[in-house]
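Dear colleague,

Please find below the structure that I am handing over to you. My findings follow it, and I would be grateful if you read them with the structure open.

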Amino acid sequence: MSVEEIRVKGIVQGVGFRPTVYRLAKVFGLKGDVCNDGEGVLIRVAGNEEKITEFINKLYVECPPLAKINELLRSPYLGELHFDDFVISHSVNTVVKTEISPDAATCFQCQKEIFDPFSRYFRYPFTNCTHCGPRLTIVRAIPYDRNNTSMVKFPMCGNCETEYQDVENRRFHAQPVACFKCGPSAWLERADGKPVIADMFSMLDDVDAVCTLLQKGEIVAIKGLGGFHLACDATLENAVLKLRSRKQRYHKPFALMARDINIISEYCEVNDLEKQLLNSPAAPIVLLKMKSNSRLSSAIAPGQNTLGFMLPYTPLHHLILRRMKNPIVLTSGNISDEPQCINNEDAKEKLSKIADYFLLHNRDIVNRVDDSVVRVINNKIQTLRRARGYAPASIILPPGFEKIPTILAMGSELKNTFCLLREGEAILSQHLGDLENVSAFNAYQETLNLYLNLFGHKPEIIAIDKHPEYLSSKLGKELAIANQVKLVEIQHHHGHIASCMAENQISLDTKPVLGIAFDGLGYGEDETLWGGEFLLADYCQFQRLATFKPLSMIGGEQAIYQPWRNTFSQLINAFTWEELTEKYSDLDIIQFLQTKNPTLLKQIIEKGINSPLTSSVGRLFDAVAAAIGVCREQCSYEGQAAIEMEAMGNVKILNNDKESLNYSFKLEKSANIYYIDTSSTWREILNDLKQEISPSEIAGKFHQSLAIFIVKIVKKMQEQHQFQQVVLTGGVFQNQILLQQVKMGLEKLAIHVLTHSIVPTNDGGLSLGQAVITAARYMR
Ligand SMILES: [Zn+2]
Ligand SMILES: [Zn+2]
């Protein structure tokens, strides 16, 4: 007989861990107790030593779906233990490190119950249990119990109470437990305010009616888990076009939801890891390779070769899709760039011109959480938008970050997230969108306050981006003054690099790595806009080794939405206008630029009127795209041109062996920095256009040539600086072709390449980098 104390750390609170311990202890005939405390879960057991070992092995195997054991330590228990049985003890009130779980997709057992006519949860759209259901989206305060969530207005009925109290039940201590009798309900309304007449469709209930409406080509606004969506049948061209024009969203791809994997497989290729992701508790949108001959409306993802699919992740979605053989569009319910609506009145006001019907419910969404977006590249997960299902799960920090001050990092301007850093871990907020939108900025402030309260986080240092005009930076400054804490400014691309290092568990005392950070743009040390950077960096500091020769962004921000402006800038760096008109006057792009008053544009560049210099690779991609006819005049979201060019670029058709067939780049040194000049590249691209080489071949060739050149630069830099690792980061590395080609090339040189996985490579990952740099500087 031995008596042991077992300490379990990880995600072990509020996820059904204690009942599992209880059940297994009973199975193995052990006596003792289990409780939650500040460090996780503490188990005290008395029994046969072999039985205890078996018990622990079983605990790993039968760990509840949302729980994660990071550490399990056994030690002899030295106190006295008097137990006749095994019990769940009350939580010990030491200082509790709060964990809030992400929302989790409906588990398999709950799914079975909603389709079982003999279950009391039959067709109940809000059922959930310890293994699934709403979490972050309903929580208002800590501790996480029903009174602190939006379930407070639904007192449990007797049956629910019994299940909630029963340690052997799947719903033991599941805070949002509810049923038809006591819980939230859903109902249908018409956008025009007229009554819904039930016998107008053959339907079981209001939720089921949504399916009929979608099949008839109607647009339905559906209140979901983290916000409203707009839905229509994805195979009905007219419905999709109607949604696009009413929402005034003309190009950005729409996300899709389908009842099951089989339906998704009709439209896309789905490999094992992708299946796993679709079926995971996070249930993100997974970008999948589109099959040809799709029956789907071509307006779903114009110019793309992927579709974003997700599976139903709440009982409500399962019930709507039950009879639906087609995928449905499920795009965020908002107007223009605003955050998605979360309350009924607001949605009815804003979406009534877009939706024909509303499916509403009366469980309040406290926290707005968008759908997450991921994809798989070479069997590795890449997170493009980290939100529902992932946030606010903590991210374990690398060695060296165990004893650090509490830090708040404010993040970027676009694709914003913020980050709370505390001992050994980072809590990254869900994706909060583009702050230049007033409602998004308001939502950012609300979410920030909520997180600071939920996690009891009192920052000792606040980190912001160096860009003086970012709203997040301005707010950070105000907060630092108001709370009298230190403020630290972090250079944008250093932030990206540190973010990638941190998620790859690179230790605090690492030797410098070479960080390649390519993006749209970020504020540089020299007050110009950077975006094509090779930085030798550790967590504390960096040295700029190489960059792209800075060129004008004609008209400032306008250049982001009118790709041809970047083409002009690139061409005028490589040629004189006279030379272009003499040699290439028959090319579309030159004829097009003729109509844009080249003389005036040249003067604008020369005088630098509203035309900041930038080394941005994002803008270089825009320039090439516009030259070959992709989004030449206009694009409706940042990076659209580059994304469409990537979709058409085919590297496989190229002759990989002959380097002379690639476009060339030139490297020039000035004041200890190497500058990449694209003049020769543009001469070669125009010659290809003149020879009527196809845009798809030029696109492929450009991707490959750039990748080969990057590898060359790395090799050259390595001879001078002896780094072992290269980090690829920044929004441009969402480009799969570039990412894979550069990675392959570097690995051939036996260089270790670090890329993002759980944290976005775009600005959504920036706040993590800002936070770890701040911590590292403090430690030094
Ligand atoms: Zn469940
Ligand atoms: Zn009930």
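A residue is called buried here if its relative accessible area is under 20%. By that criterion Cys157 and Cys179 are both buried. Please note that this is a predicted model.

Zinc ion (ligand 2)

Cys157 and Cys179 both serve as donors to the zinc ion (ligand 2), together with Cys160 and Cys182; each contributes its SG atom, at 2.3 Å from the ion. The angles among these four donor atoms are 104 to 117°, and the site is tetrahedral. Along the chain, the donors of this ion are spaced as C-x2-C-x18-C-x2-C. Cys157 belongs to the loop between helix 3 (108-114) and helix 4 (158-165), while Cys179 belongs to the loop between helix 4 and strand 6 (186-190), so this pair ties together parts that lie 22 residues apart in sequence.

Zinc ion (ligand 1)

The SG atoms of Cys107, Cys110, Cys129 and Cys132 coordinate the zinc ion (ligand 1) at 2.3 Å. Here the four donor atoms subtend angles of 104 to 118°, which makes the arrangement tetrahedral. The spacing of the donors of this ion along the chain is C-x2-C-x18-C-x2-C. Cys107 is found in the loop between strand 5 (86-88) and helix 3, and Cys132 in the loop between helix 3 and helix 4, so the two tie together parts that are 25 residues apart in sequence. Both Cys107 and Cys132 are buried.

Cysteines and disulfides

How many disulfides does the model contain? With a disulfide taken as a pair of cysteine sulfur atoms within 2.5 Å, the count is zero. Two cysteines illustrate this result. For Cys268, the closest cysteine sulfur is that of Cys232, 16 Å away, which is too far for a bond. Cys268 is also buried, its relative accessible area being 1%. For Cys419, the closest cysteine sulfur belongs to Cys500 and lies at 15 Å, again too far for a bond. Cys419 is likewise buried, with a relative accessible area of 0%.

A β-α-β unit

Further along the chain, strand 21 (residues 461-465) and strand 22 (residues 486-490) run parallel and are joined by five bridges. Within this pairing, Ile462 has Leu487 of strand 22 as its bridge partner. Together with helix 12 (residues 471-483), strands 21 and 22 form a β-α-β unit, and this unit is right-handed.

With kind regards

Note on methods. Residues numbered from 1 in each chain as written. Chains lettered and ligands numbered in written order. Predicted model: local features only at pLDDT ≥ 70, side-chain atom pairs only at ≥ 80, totals over all residues. Heavy atoms only, no water. Donors = N, O, S within 2.8 Å, 3.2 Å for Na, K, Ca; no water. Tetrahedral: all angles 85-135°; square planar, octahedral: opposite > 155°, others 65-115°. Helix = DSSP H or I, 4+ residues; strand = E, 2+ residues; numbered from the N terminus. Buried < 20%, exposed > 50% of the residue type's maximum accessible area, 1.4 Å probe, protein only. Pairing = 2+ DSSP bridges. Right-handed = clockwise from strand over helix to strand, strands pointing away.
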